[in-house]
Amino acid sequence: IAELSLIYLQDFYNNKGNSKVLEYEDYANENWSFENWIIHYEDWNNQENEFFSLFSDPDGNWKQIWSHSHYISFYIEHPDYSGLHYTNEDEVFGYNLYNDFLDYGPGFMEEYNVTIIKDHHFYEGIRKYNMFFAGWNDSDQIQTQVQPGGYVIAVSPYKNEYNRIWDKSIDFYDYAEYAVTGLYLNHLISMLDIYIRDKFDNRFDLNYTYDYNKYSESINYSLMLSLNLK
C-alpha cells in the first residue's frame, strides 16, 4: 500500500510539474519577445542611469548584446542571412544583423522571417540573466532584487510572476523525487525489518510511516525502532 501510494504521488507531482512547465512557457511566449529584447537592450546604456551596472562588465563597461557567453539561437529566411544564427556571433549578428534589426525597428521579425529556438536553455536564460531583461513587455518597470548569493538582478512584475511559476514547477518535481526516495527507503526498511525480526526473535520492531501535508504540499517521513523487553 505504501509503495502504491508513493508511486501515485510521484506520478501526481510529475504531472503537476509538467503542467507548470507548460504554464511558464505560455507565460513567457506572451510576455517576453525577441523583438523587445533587441530594440530595448540599450535602454540603460548611460553611466548616469541607476541600472547601468546591471548590464555592464566588472570593469564598468557596457556589455554589447553579442559579447555575452549566453545567447539565443534563431533561424532566418532572408537572402542575405539565411540559416541558423546565434546572438553571440560577432561577425554575423554583432556587426551586421543586430544593426539591421535596429535600423528596421518594430516588425523586423516578420521582415527577416526570424524564428526563435525556444528550448529549455531559452526559458531558463530569460529568468536568470540580466542580459535578457529588456525582452519583457514591462521592462520599463525595472527594479532590482538581491539574490541570496549577493547577485543583483533586474526584475519587473512580469518577470517576477514568471519566476514564481518556474519555482513552483521545481517544487513539484522535488516532491516527485521525494516519493521516489520513499520507495527506496521502504525497500531498505523492509529488508532491515526482516533481518531484525529474524535475528532478535521479534524483540525489535521497525516501523516506517509517511504522511502528505496538504498545506505545504510535501511528504513527511518518520522511522521508529522499538524494543520489546518482555
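Is histidine 85 buried or exposed? Let us start there and then walk through the rest of the chain. The model in front of you is predicted, so keep that in mind as you look around. Histidine 85 is buried, because its relative accessible area is 8% and the cut-off for buried is under 20%. You can find histidine 85 in strand β2, which covers residues 83-86. Setting aside neighbours within four places in sequence, histidine 85 is in contact with Ile72, Ser73, Phe74, Ile76, Val92 and Leu97. One of these partners, leucine 97, is 12 residues away along the chain, and the C-alpha atoms of the two residues are 9.7 Å apart.

Now step back to the whole chain. The chain contains six helices and seven strands. If you follow the sequence from start to end, these elements come in the pattern α-α-β-β-α-α-β-α-β-β-α-β-β. Of the 230 residues, 38% are buried. Contacts also link distant parts of the sequence: among those between residues at least 6 apart, 58% join residues at least 24 apart.

A good place to trace the chain is helix α1, made of residues 2-31. This helix has 30 residues and spans 43 Å from its first C-alpha to its last, close to the 44 Å expected at 1.5 Å a residue. Several of its residues are buried, among them Leu6, Leu9, Tyr13, Val21 and Tyr24. Lysine 20 belongs to this helix too. With a relative accessible area of 18%, lysine 20 counts as buried, since the limit is under 20%. Beyond its neighbours within four places in sequence, lysine 20 is in contact with Ile165, Lys168, Ser169 and Phe172.

Next, look for the nonpolar cores. In soluble globular proteins, nonpolar side chains tend to be buried together. Here the largest nonpolar core has 43 residues, and Phe34, Trp37 and Phe101 have the most contacts inside it. Many elements take part: α1, α2, β1, α3, α4, β3, α5 and α6 each supply at least two residues of this core. There is also a second, separate core of eight residues, which includes Tyr13, Tyr175, Ala179 and Leu183.

Tryptophan 37 deserves a closer look. Apart from neighbours within four places in sequence, tryptophan 37 is in contact with Trp32, Ile65, Ile72, Thr87, Met131, Phe132, Ala134 and Gly135. Follow one of those contacts to methionine 131, in the loop between α5 and β4. Although methionine 131 lies in a loop, this residue is buried, with a relative accessible area of 5%. Its contacts, leaving out neighbours within four places in sequence, are Trp37, Tyr41, Ile65, His68 and His70. The C-alpha atoms of methionine 131 and alanine 154 are separated by 9.2 Å, with their positions 23 residues apart along the chain counted as their distance apart in sequence.

Where does the largest pocket have its centre? The residues closest to that centre are Leu54, Lys63, His68, Asn130 and Tyr151, out of 13 that line the pocket. The pocket holds about 230 Å³ of space. Its lining divides into six nonpolar, six polar and one charged residue.Leucine 54, from that list, lies in the loop between α2 and β1. This residue is buried, with a relative accessible area of 12%. Leucine 54 touches Asn130, Ile142, Thr144, Val152 and Ala154, not counting residues up to four places away in sequence. Leucine 54 and asparagine 130 are 76 residues apart along the chain, yet their C-alpha atoms are separated by 6.6 Å.

Finally, compare these buried residues with two that have more open settings. Valine 146, in strand β4, is exposed because its relative accessible area of 59% is over 50%. Outside its neighbours within four places in sequence, valine 146 is in contact with Tyr151 and Val152. Asparagine 113 sits in the loop between α4 and β3 and is partly exposed, with a relative accessible area of 39%. Its backbone is worth a glance as well. Most residues other than glycine have a negative phi. Asparagine 113, however, has a positive phi of about 50 degrees although it is not a glycine.

Conventions
Residues are numbered from 1 along each chain as its sequence is written. This is a predicted model: local features need pLDDT of at least 70, side-chain atom pairs count only at pLDDT 80 or more; totals for chains, interfaces and linings use all residues. Side-chain values use heavy atoms; hydrogens and water are left out. On a 1 Å grid over the protein atoms alone, a cavity is a set of points where a 1.4 Å probe fits but cannot get out, and a pocket is an open set with protein on both sides within 12 Å along at least five of seven lines; lining residues have an atom within 4 Å of a point. Grid points are joined across faces, edges and corners, and a volume is the space filled by probe spheres set on the points. Ala, Val, Leu, Ile, Met, Phe, Trp, Tyr, Cys and Pro count as nonpolar, Asp, Glu, Lys and Arg as charged, and the others, Gly among them, as polar. Helices (H or I, at least four residues) and strands (E, at least two) are DSSP runs, numbered from the N terminus. The expected span of a helix is 1.5 Å times one less than its number of residues. Buried means under 20% relative accessible area, exposed over 50%, partly exposed in between (1.4 Å probe, protein chains only). Contact means heavy atoms within 4.5 Å. A nonpolar core is a set of buried Ala, Val, Leu, Ile, Met, Phe, Trp, Tyr and Cys residues joined through side-chain atoms within 4.5 Å.
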